[in-house]
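User: I am new to this structure. Please take a close look at a single part and walk me through what is there.

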Amino acid sequence: MTWTLGRELLRDGLSGPAGMGDVQIDPTDLPSHTLRLRLDSPHGTAELSLPGQALGDFLRRTAKAVPYGREAETPGFLTNLDRALASMLADPC
């Protein structure tokens, strides 16, 4: 099974519950601003913890490189997504 996580979903999950169905994300009550990512499938459920600060930093870097809603307009972004993400992660802004 494959899940697709849009940046908007991740961004919304930083401030409150987001998503529905198979993919849901929400902040926890932990003091370290951890997010809970829940993935459901017919075979079971996985719950992952994400560091909120690191996710927020990542989303700011991706938005700087490719503004929200402009992904399809950015040459090569969709076809070279792995390379684009690796470049964004290597350049801490």
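Analyst: What follows looks at strand 3 and its partners, then turns to Arg7 and the ring beside it. Keep in mind that this is a predicted model.

Start with strand 3, which covers residues 34–41. Is this strand enclosed or open? Six of its eight residues are buried, so strand 3 is largely enclosed by the rest of the structure.

Strand 3 has a partner in strand 2, residues 23–27. The two pair in the antiparallel sense, over five bridges. One position to find is Pro27, which stands opposite Leu35 of strand 3.

Strand 4, residues 44–51, also pairs with strand 3. This pairing is antiparallel too and runs over eight bridges. Here Arg38 has Glu47 in strand 4 as its bridge partner. Two residues make up the hairpin connection from strand 3 to strand 4.

Now move to Arg7. This residue belongs to helix 1, residues 7–13. Is Arg7 buried or exposed? Its relative accessibility is 12%, and buried means under 20%, so Arg7 counts as buried.

What does Arg7 touch? Leaving aside residues up to four places away in sequence, its contacts are Leu59, Thr62, Ala63, Val66, Pro67, Tyr68, Gly69 and Glu71.

Tyr68 deserves a second look. Arg7 lies over the face of its ring, 4.5 Å from the ring centre. The charged end of Arg11 also sits over the ring of Tyr68, at 4.4 Å from the centre. As for aromatic pairs, a search of the whole structure finds zero.

Methods
Residues are numbered from 1 along each chain as its sequence is written. This is a predicted model: local features need pLDDT of at least 70, side-chain atom pairs count only at pLDDT 80 or more; totals for chains, interfaces and linings use all residues. Side-chain values use heavy atoms; hydrogens and water are left out. Rings of Phe, Tyr and Trp (its six-membered ring) pair if their centres lie within 6.5 Å; planes under 30 degrees apart count as stacked, over 60 as edge-to-face and the rest as tilted. A charge sits over a ring if NZ of Lys or CZ of Arg is within 6 Å of the ring centre and within 35 degrees of the ring normal. Buried means under 20% relative accessible area, exposed over 50%, partly exposed in between (1.4 Å probe, protein chains only). Helices (H or I, at least four residues) and strands (E, at least two) are DSSP runs, numbered from the N terminus. Two strands pair if DSSP finds at least two bridges between them. Contact means heavy atoms within 4.5 Å.
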